[in-house]
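Me: I have a model open and want the reasoning behind its labels. Can we go through them one by one?

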There are 2 protein chains.
Amino acid sequence: MKVTINDVAKLAGVSMKTVSRVINKEPSVRKKTFDIVMDAVKELNYQPNLAARNLAGTSSFTVGLVYDNPNAYYVIDMQNGVLSRCKEEGYELVIHPCSYTDSQMEEEFITMIKRSRLAGLVLTPPLSEHSKITNLLDELKIHYVRVLSGRPTDDDQDTCIYVNDYKAAYEITTHLLKHGHTNIGFICGDKEHKSTSERLEGYKAALVDFDTPLNAAFLYDGKYSFESGVEGAKALLKDNNELAITAILGGNDEVAAGALFASRLMGIQIPEQLSITGFEDSPFSRQTWPKLTTAHQANDVISQHAARLLFTKTRGARNQDKEIITSFTPSIVIRESSGPKQ
Amino acid sequence: MKVTINDVAKLAGVSMKTVSRVINKEPSVRKKTFDIVMDAVKELNYQPNLAARNLAGTSSFTVGLVYDNPNAYYVIDMQNGVLSRCKEEGYELVIHPCSYTDSQMEEEFITMIKRSRLAGLVLTPPLSEHSKITNLLDELKIHYVRVLSGRPTDDDQDTCIYVNDYKAAYEITTHLLKHGHTNIGFICGDKEHKSTSERLEGYKAALVDFDTPLNAAFLYDGKYSFESGVEGAKALLKDNNELAITAILGGNDEVAAGALFASRLMGIQIPEQLSITGFEDSPFSRQTWPKLTTAHQANDVISQHAARLLFTKTRGARNQDKEIITSFTPSIVIRESSGPKQ
DNA sequence: AGTTAAAATGACAACGCTGTCAATATTCTA
DNA sequence: TAGAATATTGACAGCGTTGTCATTTTAACT
């Protein structure tokens with residue numbers, strides 16, 4: 001029942017070490033030997049034991065995914081992306097949700113890393129933005145890849161995958177401006193998230209390019225939540241909409257859905273009286289009524305690339321054949337929640 | 001930097017085996033010895049190496065969570081529940097999404113199990129309902145716990161955690177009947193899911209108890225998706241609602257949200273002209289407008305218990321102190337999407 | 001062909017822990 | 001308080017792989 005590397009070695013008539021070389025795709029194995037071993041592996045249906053590899057080897061075959069994100073869709077997408085890559089490469093994934101406000105976080109982190117001797121870590125926002133964490137990892141000498149909101153201007157492209165929220169916001173805002181909107185509200189997400197400031201800057205840049213003045217009253221400091229969207233819309237549209245706002249950018253899809261909800265409560269017609277847009281294109285941007293105009297962000301693809309980047313870092317130059325993209329720009333998706341100013 | 005069991009043993013002045021006994025909470029360790037060792041563990045901040053434990057020990061410290069469920073909220077809740085338990089017990093979790101229609105599934109399963117020598121598996125619906133999988137696991141002699149839709153009448157309570165969807169549906173239907181609704185549509189979920197038939201039976205039972213005839217035309221064969229909810233509502237309300245339906249049970253919250261969406265397209269007022277309800281109480285049942293009446297299902301608690309049950313199975317009688325609940329009944333949550341018949 | 005350099009392979013210990021079983025310490029019995 | 005019964009501890013091998021380094025084979029030269 002249980003097949004070990006030794007069984008394969010015997011069947012192939014080589015040493016265990018050679019089998020090990022083959023399954024790890026190490027160089028200096030003759031093609032012929034390689035084939036013989038592979039045949040034996042297949043015949044016996046051999047599966048290398050992960051625990052033994054982790055124990056004996058220099059680098060382990062386990063990577064971690066760390067997140068502090070209440071958005072289930074986001075987390076699932078990230079997981080699936082990393083997971084699909086892991087499956088291909090024979091790695092294991094351990095997931096580690098945590099709260100960056102938690103004082104025990106640091107300790108927990110260290111515990112996890114000590115216990116499972118991770119080959120590397122994928123960090124997602126907002127954790128990826130905290131130097132407290134990256135410093136800790138640097139200290140522990142753990143490889144990691146960060147998924148970050150930002151523009152690919154920095155020089156640490158071998159550690160980061162950027163999501164260009166600036167551009168996404170710029171384009172969404174432009175879309176609205178082209179439809180004649182000038183008084184555009186923005187319900188910002190959590191201040192602690194880099195995506196919030198990136199999106200805000202993109203919004204501002206678009207206004208500038210269209211010679212449209214920015215009114216500070218158009219901005220609402222919120223959070224990345226449905227409830228915050230409700231509150232934000234109420235605040236922006238208060239006093240019978242004296243600000244004359246005709247469009248609102250939600251900080252993300254959830255916020256936009258909240259804004260939609262609030263508008264409905266106030267009897268406002270979407271998109272006739274008010275355009276609303278989101279970010280991320282999560283499934284429920286298609287489940288609101290009307291459906292949300294938003295910026296599509298391919299989180300599963302992004303996380304796949306993050307994992308790939310991590311693997312190349314961990315194992316040196318192997319797999320360099322496939323080019324790694326380290327910057328992603330969400331693409332705008334126009335649906336029914338936005339339309340011309342009337 | 002790296003602390004092994006040997007270091008602890010030396011500091012405590014005992015053998016490695018004794019330290020091992022202490023960290024595994026094995027019996028026959030003198031209280032005094034226990035304390036001495038624990039002090040050493042703390043002083044050195046020792047963390048047992050998981051790979052070594054998995055390799056050397058009889059049962060591993062890794063459990064798996066297997067799912068085939070497109071519902072991100074559900075998956076995340078299940079994960080978090082199992083994960084929280086794992087953290088407490090020092091186990092690792094590997095997650096394994098898979099498709100039960102995939103022909104490679106079986107092979108993948110075997111590969112995963114061979115590779116990581118799992119202590120056990122938590123199966124969630126609909127995978128937990130397939131004898132193909134449970135048979136395979138029985139064959140491989142792998143412990144598992146199934147989370148199932150059903151009533152706790154079966155005798156394999158040491159392997160199953162039941163979610164009483166029958167009762168949930170019964171109560172939701174009763175709620176509607178009490179509000180005077182008699183023509184109640186039901187947009188069923190996937191036929192392959194046990195929850196679909198359970199919910200349907202609960203619905204029927206309530207009708208019987210209220211002497212309300214069931215019209216087969218009130219039932220729509222759908223899927224657990226938003227789109228199916230849209231289609232279902234359109235079908236049930238077609239021809240200007242000649243069936244005179246005044247309430248619709250969505251197969252789950254997503255379906256209900258879809259029905260809500262369709263109703264809106266048709267210009268139907270909710271809940272004045274039509275009551276709509278869901279199941280599960282997932283976050284977006286609070287993000288529709290109006291908010292959904294639904295049946296709250298504590299998936300995180302359920303999965304915690306599943307994990308606990310698995311651990312007691314794996315390690316014999318330990319932890320029996322905390323009683324394990326193997327049956328959960330969702331509780332109805334009344335919100336704005338349902339109201340009296342008008 | 002005879003050297004020499006380079007490539008391919010193998011022997012064996014080690015990774016950090018637990019299982020087995022033998023050794024010792026403690027408690028109990030008469 | 002001796003002797004048996006039991007509770008507690010320890011020595012050591014082994015889990016299945018990989019790293020190190022020695023050895024053998026092949027290729028590349030005169």
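Reply: Start with B:Thr33. An N or O atom in its side chain lies 2.3 Å from a phosphate oxygen of DNA strand D. The model is a predicted one.

Me: What makes the B:Thr33 pair with DNA strand D a polar contact?

Reply: The cut-off is 3.5 Å between N or O atoms. The B:Thr33 pair is at 2.3 Å, so it counts as a polar contact.

Me: Which elements give two or more residues to the surface near DNA strand D?

Reply: In chain A, helix 2 (16-23) and helix 4 (50-56) do. In chain B, helix 2 (16-23) and helix 4 (50-56) do.

Me: How do you know that A:Tyr46 and A:Asn49 make polar contacts with DNA strand D?

Reply: Apply the 3.5 Å limit again. A side-chain N or O atom of A:Tyr46 is 2.5 Å from a phosphate oxygen. For A:Asn49, a polar backbone atom is 3.0 Å from a phosphate oxygen. Both pairs are within 3.5 Å, so both count.

Me: How many residues surround DNA strand D, and which are the closest?

Reply: There are 28, the closest being A:Ile5, A:Ser20, A:Tyr46, B:Thr18 and B:Thr33. The residues of this surface divide into 10 nonpolar, 11 polar and seven charged. Of the strand's atoms within 4 Å of the protein, 64% belong to sugar or phosphate, and the rest to bases.

Me: What does the UniProt record say about residues 3-57 of chain A?

Reply: An unreviewed entry annotates them as "domain: HTH lacI-type". In the model, this span is 67% helix and 0% strand. Its end C-alpha atoms lie 19 Å apart.

Me: Why is B:Asn241 called partly exposed?

Reply: Its relative accessible area is 25%. Buried means under 20% and exposed means over 50%. The value of 25% falls in between, so B:Asn241 is partly exposed.

Me: What makes the phi of B:Asn241 worth a look?

Reply: Most residues other than glycine have a negative phi. B:Asn241 is not a glycine, yet its phi is positive, about 55°. It sits in helix 11 of chain B. B:Asp239 also has a positive phi, near 50°, and is found in helix 11 (residues 238-241) of chain B.

Me: Where are the cis peptide bonds at A:Pro290 and B:Pro290?

Reply: One joins A:Trp289 and A:Pro290, with omega about -5°. Another joins B:Trp289 and B:Pro290, with omega about -5°. A:Pro290 lies in the loop between strand 9 (275-277) and strand 10 (294-296) of chain A. B:Pro290 is in the loop between strand 9 (275-277) and strand 10 (294-296) of chain B. Most peptide bonds are trans.

Note on methods
Residues are numbered from 1 along each chain as its sequence is written. Chains are lettered from A and ligands numbered from 1 in the order in which they are written. This is a predicted model: local features need pLDDT of at least 70, side-chain atom pairs count only at pLDDT 80 or more; totals for chains, interfaces and linings use all residues. Side-chain values use heavy atoms; hydrogens and water are left out. A residue is near a molecule or strand if one of its heavy atoms lies within 4 Å of it. A polar contact is a pair of N or O atoms within 3.5 Å; within protein, one must be able to donate a hydrogen and the other to accept it, and residues adjacent in sequence count only if both atoms are side-chain atoms. Helices (H or I, at least four residues) and strands (E, at least two) are DSSP runs, numbered from the N terminus. Ala, Val, Leu, Ile, Met, Phe, Trp, Tyr, Cys and Pro count as nonpolar, Asp, Glu, Lys and Arg as charged, and the others, Gly among them, as polar. UniProt positions are given in the numbering used here, feature names are shortened, and annotations may be inferred rather than shown by experiment. Buried means under 20% relative accessible area, exposed over 50%, partly exposed in between (1.4 Å probe, protein chains only).
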